[in-house]
Amino acid sequence: MRNLLYGFIFLVSPLISCSDQTNSQGELSSVLREHAIEQLHSVLYSDLKWEKIHAAEYLLALDYQTGVDSVFKKEELKFGNEPYYRIGIWRVLAQSGGNDDFKKVWIDKIREVYQDSLSQDRIHAVEALAKLEISPNIEIQTNDEILYVFSTWAHAYSSESRKKQSIADLMEILKGEEHSERARKLAAYALRKIKGISTSDWDQLTDLALSQPEISDFQVYLTSLSWITAPKDSLSVPRMEKLKNLLSNGGKDNLIYQREYAYTLGEKGSNLDLDLLEKMANLNPDKDNPSYNQLIDLKVTAAYALLRIERRVEATLSWIDWLVISLYGALMLGIGYFYSKVNKTKEDYLLGGRKMNSVSIGISLFATLLSTVSYLSYPGEMIKYGPVIFAGMLGFPIVYFVAGWWLIPRIMAMKVTSAYEILELKLGLSIRMLAIFMFLSLRFLWMATIIYVTIDITFLTVVPIDPSYIPLVSILLMVITIVYTSMGGLKAVVVTDVVQTVVFLGGAFLSILIVSIHFGSVSSWIPTEWPAYWKPIQFGFDTQERTTIGNAVVMLFAWYICTTGSDQMAIQRYLSTRDIKAARKSLKVSLYTNLLAKCLLGLLGLAMFAFFSKNQHFLADGQSFSEQSDTLFPRFILLGLPVGISGLVIAGLLAAAMSSLSSGLNSVSTVISEDIFNRFFKRKKEVSFKGSLQQIKILSYLTGLIVIGLSFFVGSVQGNLFDIVIKVTHLFVAPLFVLFFMALFVPFATERGTFLGGIVAIIVAVAISFYGVLGITVLWVLPFSFFAGAIVACAISLINKKE
């Protein structure tokens, strides 16, 4: 077996090697890339000071972190009390890859200097805070123009409204001739870093830059600012050409001006500028040269610009990839068409005739709950925070026991089509309507998140299209899903779920295999030490800590129990099996598949961490490694996989989305049809199967339109993808279970008490998710909202009973 595996690797490795050689379009060669990195490292390990700081910050910005931390810890021991330079040292250490507690040590030191009005390097301190995008804790009144400029810049990061005010204040300084040239120059420098310049402000800046009578520091910085902040539709206008000519020709003999030109090319340059930057980066000045330090600064800035430009080169999918994706979509439609001919009754359509295979149902349940959101958020969570969240899988045995022997028997005893019939039978119509509202809100938000993740994060990462086409792509994805779902009913959903499970788990496995080939073995990419910015493993439970093993277990257990006991998507699948034993078996299959998938996705996250840590040139421009953790897997699909395989794995991502969307559409349509239309709009004659089917199809399309609309708002939620998932899709999970818990397990439950308990649960969930009440982290949304709602519901029910 081992020989067969080695033989396979030998055959396919030439196809999947990640080539970085120069092509005919003049892209950066691997030789020039390595030379640029070497230039930065040579200055990092030199005896220079501020040039060393600049080289270190360039390396950190590009995520070449090796060596920076150790070098500057030594610098801190040696020069930690030297005014001015100490601020630069602390500034680098605050960026050097440590966790939040490590960074806070150095930020507090910088703040302390800034808050001391007698510190001679106070200006350097506030400039450092501004460059770190950290607002000072205090406002100051000062007559020092330079201190005021840097303080205004730093305070821009305190809030969005303050940012707008800071931009306006800096614009006034920049345009005011009564201010010194240095203050105006630094105002331009600050605005270049803040960005967010409006189009009208940009027009004024450009006119001001072009109207300067002679070349000066102010004009160079102003010109650089105008070029870097130019609106996209202004990059080719004549004024932009004048700006470029002004910056490139205005200071040929001035090294500071050349450095600003190199930095600007790093921000806005293209492959056409590589030759010029290569010449700058290859400067080899004599140490006796009076301009030695400035020449070194120019070298490192040019090397940084070369590496930045490389990251803006966009790769594209081949026609073979598009063919694979198209064939996959056609397969989904074909399955839907086939089962449209098989379904004969309404029960066939909605519940698969209650005779579906428990293994298929288990895989379908898994595929439904493991959407594109999970497919990307788990590897992203591993990359950014480490493996602690995966410890939640330790709770699977408890989930199986509680759900299999406590919840499923109660649910299966009710021969219903919609789960929410149970609530009306036990507690009355108002509870059923509240549950329907919660379920629909939950699934609308969930499906909207899936659309957002699939299109805005996944699709835009691998297909560089204009963002204005996002609505069209969203509609196309939803229409394909609706068509095969509405044609084939639950049977088509389950079969496509099984196919899609194989595709997207296979894509993850293949990606891990390719990374292993790239490194030579699996053991080569498994981390040998704990990365600095992952928090140390913590056991126990802590409501104010984001990741502990106890927190992870509680979150996963709470989610599974709440979902199993209240979600129509889960209950619908249990009801479609023959009996309790078959339903329990489907739960077991779902849990085993989920265990396999989470282990696979965890390994995938580690593989992506290793691959991009070694191949930083594949990272997207303008974001740190941590900031783009959620998009690294889609980026690997585009850059690291061979032609054809990229299309297959992208089809896997689309598969995960369509799997969940199809189940969501099916369940939402069923609930609206059974619990609203058939409940409140009963007809004299029994509606035919075709009539019911037509109704559900119309509901599916309306649902799709609402979901697409909501998806445009999901991106405004703060946090990484895993946080967004919890904040958006978990809001109604526990409140919904509160209603079912009261109906199934509390004999003295009353309609009024249960209703108020459900409302309280929603309020608590929103308070924790979006307002961080009492410092409780989002991982505890489900337990806190459930217990708050259940306690209130039980208390009011007891009071009502006594009355």
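How do the residues lining the second largest cavity divide into nonpolar, polar and charged? Keep in mind as we go that this is a predicted model. The split comes out at seven nonpolar, one polar and one charged.

Let's put names to that lining. One stretch of it is made up of Y378, I389, F390, G392 and M393, and the rest consists of A552, M555, L556 and K598. Helix α25, which covers residues 549-564, supplies the largest share, three residues. The polar member of the set is G392, because Gly is counted among the polar residues here. The charged one is K598, since Lys falls in the charged class. As for volume, the second largest cavity holds about 40 Å³ of space. How many cavities of 30 Å³ or more are there? The count comes to three. If you wonder how such spaces are found at all, rolling a probe the size of a water molecule over the atoms shows where empty space is left.

Now move along to helix α34, which runs over residues 781-802 and carries I796. Setting aside residues up to four places away in sequence, I796 touches G753 and L756. T750 belongs in this picture too: T750 and I796 are 46 residues apart in sequence, yet their C-alpha atoms are 8.1 Å apart in space.

N800 also sits in helix α34. Which residue's side chain does the side chain of N800 meet in a polar contact? That partner is T750, at 3.1 Å. Beyond the neighbours within four places in sequence, N800 is in contact with T750, R752 and G753. So G753 turns up in the contacts of I796 and again in those of N800. Is N800 buried or exposed? N800 counts as buried because its relative accessibility is 19%, and the cut-off for buried is under 20%.

For a last stop, go back towards the start of the chain, to helix α8 (residues 145-155), where you'll find T152. T152 counts as buried as well, because its relative accessibility is 3%. Where does the T152 side chain reach? It goes to the backbone oxygen of Y148, at 2.7 Å. With residues up to four places away in sequence left out, T152 touches S166, D169 and L170.

Note on methods
Residues are numbered from 1 along each chain as its sequence is written. This is a predicted model: local features need pLDDT of at least 70, side-chain atom pairs count only at pLDDT 80 or more; totals for chains, interfaces and linings use all residues. Side-chain values use heavy atoms; hydrogens and water are left out. Helices (H or I, at least four residues) and strands (E, at least two) are DSSP runs, numbered from the N terminus. Contact means heavy atoms within 4.5 Å. On a 1 Å grid over the protein atoms alone, a cavity is a set of points where a 1.4 Å probe fits but cannot get out, and a pocket is an open set with protein on both sides within 12 Å along at least five of seven lines; lining residues have an atom within 4 Å of a point. Grid points are joined across faces, edges and corners, and a volume is the space filled by probe spheres set on the points. Buried means under 20% relative accessible area, exposed over 50%, partly exposed in between (1.4 Å probe, protein chains only). A polar contact is a pair of N or O atoms within 3.5 Å; within protein, one must be able to donate a hydrogen and the other to accept it, and residues adjacent in sequence count only if both atoms are side-chain atoms.
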